[in-house]
Amino acid sequence: MNILLILDKDSKTKLSEDFRSKAIKALEGKGHTVEVFELGRNDVFQCIGCLLCLTKHPGECVNKDIVNDIRKNVKKYSATFFLTPVLFGHYSSTMASAINKGTGSNNWQVIIGFGDDINEEEKDTFIDLTARHRGKADIVHPGMDKQVDVFVSQSIDDNNSICEALETQCGIML
């Protein structure tokens, strides 16, 4: 299985780097191939909501950036993991660009938010908003997201628990 891991390079922390290394090691240890894309705020243009990527030229954004390049090859992956800081209960604007432009929409998506200083309200908001607007967003973007699972890590122990949950609950062999 080919896995795509997209992360916000402008928001790396010890917590995010720990998850990244554990996930890659576990995935590759089970024979999966992992390709990593580190996106920064200067690498992506934000979605302008024109919906031309759904109507006029499906799968291609009018804003030509690295996300378009990733999107062109997305069918070669079975799963896309997004690793993003939790900011005010939402993912970063850099990750929003990749997620909203449908990077990974044709396969299983795992969105992992992280932050060692987020409170329970931010955590719950992140999980609720992400799950509601990604995995259950068929009325907004019909058929865009196949399956979306959402997790939040606030500690190294959470990283370990998420890896275990991905193995047991989500059906991926980590």
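The lining of the largest cavity, in this predicted model, comprises three nonpolar residues, one polar residue and four charged residues. The residues concerned are Leu-7, Asp-8, Lys-12, Ser-16, Glu-17, Arg-20, Leu-83 and Phe-114. Two elements each supply two or more of these residues, namely strand S1 (2–8) and helix H1 (14–29). Helix H1 makes the greatest contribution, with three residues. The space in this cavity is about 40 Å³, and the count of cavities of 30 Å³ or more is one.

I turn now to the aromatic residues. A pair of aromatic rings is described by the distance of the centres and the angle of the planes. How many aromatic pairs does a search of the whole structure find? There are two.

One of them joins Phe-81 and Trp-108 in an edge-to-face arrangement, with 5.9 Å from centre to centre and 75 degrees between the planes. Phe-81 belongs to strand S3 (residues 79–85) and Trp-108 to strand S4 (residues 108–114), so the pair links distant parts of the chain, 27 residues apart. Are these two rings in buried or exposed residues? Phe-81 is buried, at 1% relative accessible area, and Trp-108 also counts as buried, at 9%.

Tyr-91 and Phe-126 form an edge-to-face pair as well, at 6.4 Å centre to centre and 90 degrees between the planes. Here too distant parts of the chain are linked: Tyr-91 lies in the loop between S3 and helix H3 (93–100), whereas Phe-126 lies in helix H4 (residues 120–135), 35 residues away. Tyr-91 has a relative accessible area of 9% and is therefore buried, the cut-off being under 20%. Phe-126, at 0%, counts as buried by that rule.

Notes. Residues numbered from 1 in each chain as written. Predicted model: local features only at pLDDT ≥ 70, side-chain atom pairs only at ≥ 80, totals over all residues. Heavy atoms only, no water. 1 Å grid on protein atoms, 1.4 Å probe; cavity = no way out; pocket = protein on both sides within 12 Å on 5 of 7 lines; lining within 4 Å. Points joined across faces, edges and corners; volume = space filled by probe spheres on them. Helix = DSSP H or I, 4+ residues; strand = E, 2+ residues; numbered from the N terminus. Nonpolar A, V, L, I, M, F, W, Y, C, P; charged D, E, K, R; others polar. Phe/Tyr/Trp six-rings, centres within 6.5 Å; stacked < 30°, edge-to-face > 60°. Buried < 20%, exposed > 50% of the residue type's maximum accessible area, 1.4 Å probe, protein only.
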